[in-house]
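Got the viewer open? Here is a short walk through the model, one selection at a time.

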Amino acid sequence: MVSTTVVCSIYIHARDETREAKTLQWYNGITQSAGEPFKLWLINDASDKDLSPLLSTLKPRGYCKEIRFFDSKVREGKAKKLNQLLRIVDTKYVAVVDNDVMLPKTWLVGCIRICDLHKMVLCGVLVEEHLPTGDIMTHHDH
């Protein structure tokens with residue numbers, strides 16, 4: 001059973017010739033390096049470019065067990081598009097990633113480990129190899 005959904009908002013400008021290729025490179029990378037099975041949910045933020053050619057090349061493989069694409073004709077920005085997906089995610093874990101990052105080996109394993117920490121419910125991508133061991137900030141009661 002897949003317990004994680006990876007969500008990503010995509011916008012590709014009509015004249016951006018490299019973004020589609022980078023997105024495919026990104027997809028191939030995350031499917032090979034995640035270390036855990038996942039569902040991939042992509043949402044279009046009203047791209048100027050037709051995404052059909054790109055979507056036809058994205059097939060479940062490696063750690064990616066399912067792909068769902070949500071289309072939108074209204075440009076609202078990354079945060080609103082991601083929130084639309086977050087409202088309907090049906091898995092225990094969620095990872096939010098951009099479609100232009102190359103991630104280290106077992107990156108999703110690290111994200112799940114963070115989510116299992118007390119009070120953590122959502123994790124973006126863990127790019128650091130190790131979490132800091134000291135206090136990140138000091139709290140003072142007043």
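Start by selecting K73, which is exposed because its relative accessible area is 72% (exposed means over 50%, buried under 20%, partly exposed in between, with a 1.4 Å probe and protein chains only). Now add D71: the side chains of D71 and K73 meet in a salt bridge, 3.2 Å from N to O. The term covers a side-chain nitrogen of Lys or Arg within 4 Å of a carboxyl oxygen of Asp or Glu. D71 itself counts as partly exposed, with a relative accessible area of 47%.

Before going further, a word on what you're looking at. This is a predicted model, in which local features need pLDDT of at least 70 and side-chain atom pairs count only at pLDDT 80 or more, while totals for chains, interfaces and linings use all residues. Residues are numbered from 1 along each chain as its sequence is written, and side-chain values use heavy atoms, with hydrogens and water left out.

Next, pick R75. How far apart are the closest N and O atoms in its salt bridge with D45? They are 2.7 Å apart. This pair links distant parts of the chain, 30 residues apart: R75 is in the loop between β3 and α3 (78–86), and D45 is in the loop between β2 and α2. Helices (H or I, at least four residues) and strands (E, at least two) are DSSP runs, numbered from the N terminus. Check the surroundings of both ends: R75 is partly exposed at 48% relative accessibility, whereas D45 is buried, at 2%.

Keep R75 selected and add Y11. The charged end of R75 sits over the Y11 ring, 3.7 Å from its centre (the rule asks for NZ of Lys or CZ of Arg within 6 Å of the ring centre and within 35 degrees of the ring normal).

Stay with salt bridges for one more stop; the structure holds 7 of them. Select E20 and K49, whose closest N and O atoms are 3.8 Å apart. Here too, distant parts of the chain are linked: E20 belongs to helix α1 (residues 17–33), K49 to the loop between β2 and α2, and 29 residues separate them. Are these two buried or exposed? Both E20 and K49 are buried.

Now for the strands. Show β2 (residues 38–44) and β3 (residues 64–70), which pair in the parallel sense over 6 bridges; pairing takes at least two bridges found by DSSP. To get from β2 to β3, the chain passes through helix α2 (residues 52–57), making a right-handed β-α-β crossover. Right-handed means that, with the strands pointing away from the viewer, the path from the first strand over the helix to the second runs clockwise. Within the strand pair, look for I43 opposite F70 in β3.

With F70 on screen, add W41, which is buried, as is F70. There are 2 aromatic pairs in the count, and in this one the ring centres of W41 and F70 are 5.5 Å apart with planes at 55 degrees, so the pair is tilted. Rings of Phe, Tyr and Trp (its six-membered ring) pair with centres within 6.5 Å; planes under 30 degrees apart are stacked, over 60 edge-to-face, and the rest tilted. Add R68 as well: R68 lies over the face of W41, 4.7 Å from the ring centre.

Finally, zoom out. The protein chain has 4 helices and 5 strands, following the pattern β-α-β-α-β-α-β-α-β along the sequence. Of its 142 residues, 37% are buried.
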